[in-house]
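Me: I would like to go through this fold step by step. Could we begin with the sheet and then move to the helices and the core?

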Amino acid sequence: MAKTLYVGNLPWTATENDLRSAFETCGSVLSARIITERETGRSRGFGFVEVEDSDGNDLIQKMNGYVLGGRPLTVNEARQREQVLV
């Protein structure tokens with residue numbers, strides 16, 4: 001089973017490979033994705049890392065506050081997006 005982690009405060013220059021590499025130092029990474037603006041392709045400053053469920057809590061503890069590109073990361077368990085009714 002996998003656990004998805006939210007990673008915030010990413011440097012604008014960070015790539016998905018940078019994100020994956022940072023987290024792989026502490027555990028097994030299944031995927032890493034940086035969220036980008038649709039129109040410009042520019043990073044929105046956050047992303048998601050999917051890890052083995054057994055590594056999830058340990059990675060949150062180790063990586064929350066980790067400095068990547070001069071910025072301390074905010075790492076926690078990702079929550080499901082809420083549906084907005086119009």
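**Sheet, helices and core**

Me: Before the details, which two strands pair over 7 bridges?
Reply: Strand β1 (residues 2-8) and strand β3 (residues 43-52) pair over 7 bridges in the antiparallel sense. Two strands count as paired if DSSP finds at least two bridges between them; strands are DSSP runs of E with at least two residues, helices are runs of H or I with at least four, and both are numbered from the N terminus. This is a predicted model, in which local features need pLDDT of at least 70 and side-chain atom pairs count only at pLDDT 80 or more, while totals for chains, interfaces and linings use all residues. Residues are numbered from 1 along each chain as its sequence is written, and side-chain values use heavy atoms, with hydrogens and water left out.

Me: What stands opposite Lys3 and Val7 in β3?
Reply: Lys3 faces Val51, and Val7 faces Gly47.

Me: How many bridges join β1 to β6?
Reply: There are 4, and the two strands run antiparallel. Leu5 has Glu77 of β6 as its bridge partner.

Me: In what order do the strands of the sheet come?
Reply: The 4 strands form an open sheet in the order β2-β3-β1-β6, with antiparallel pairing. Because β2 (29-36) and β6 (74-77) each have a single partner strand, they stand at the edges, and one side of each is left without a neighbour in the sheet. From one strand to the next, the twist averages 25°.

Me: Turning to the helices, where does α1 pack?
Reply: Helix α1 (residues 16-24) packs on the sheet and touches β1, β2, β3 and β6, where contact means heavy atoms within 4.5 Å. Its direction makes about 140° with that of β2; axes are lines fitted to C-alpha atoms, for helices over the stretch in contact, and angles run from 0 to 180 degrees between N-to-C directions.

Me: And α2, which strands does it lie across?
Reply: Helix α2 (residues 53-63) lies across β1, β3 and β6, at about 135° to β3.

Me: Which residues of α1 are buried?
Reply: They are Leu19, Ala22 and Phe23, buried meaning under 20% relative accessible area with a 1.4 Å probe, protein chains only.

Me: Finally, which residues touch the most other members of the largest nonpolar core?
Reply: Val7, Leu19, Phe23, Val49 and Val75 do, in a core of 18 residues. Such a core is a set of buried Ala, Val, Leu, Ile, Met, Phe, Trp, Tyr and Cys residues joined through side-chain atoms within 4.5 Å.

Technical notes. Buried < 20%, exposed > 50% of the residue type's maximum accessible area, 1.4 Å probe, protein only.
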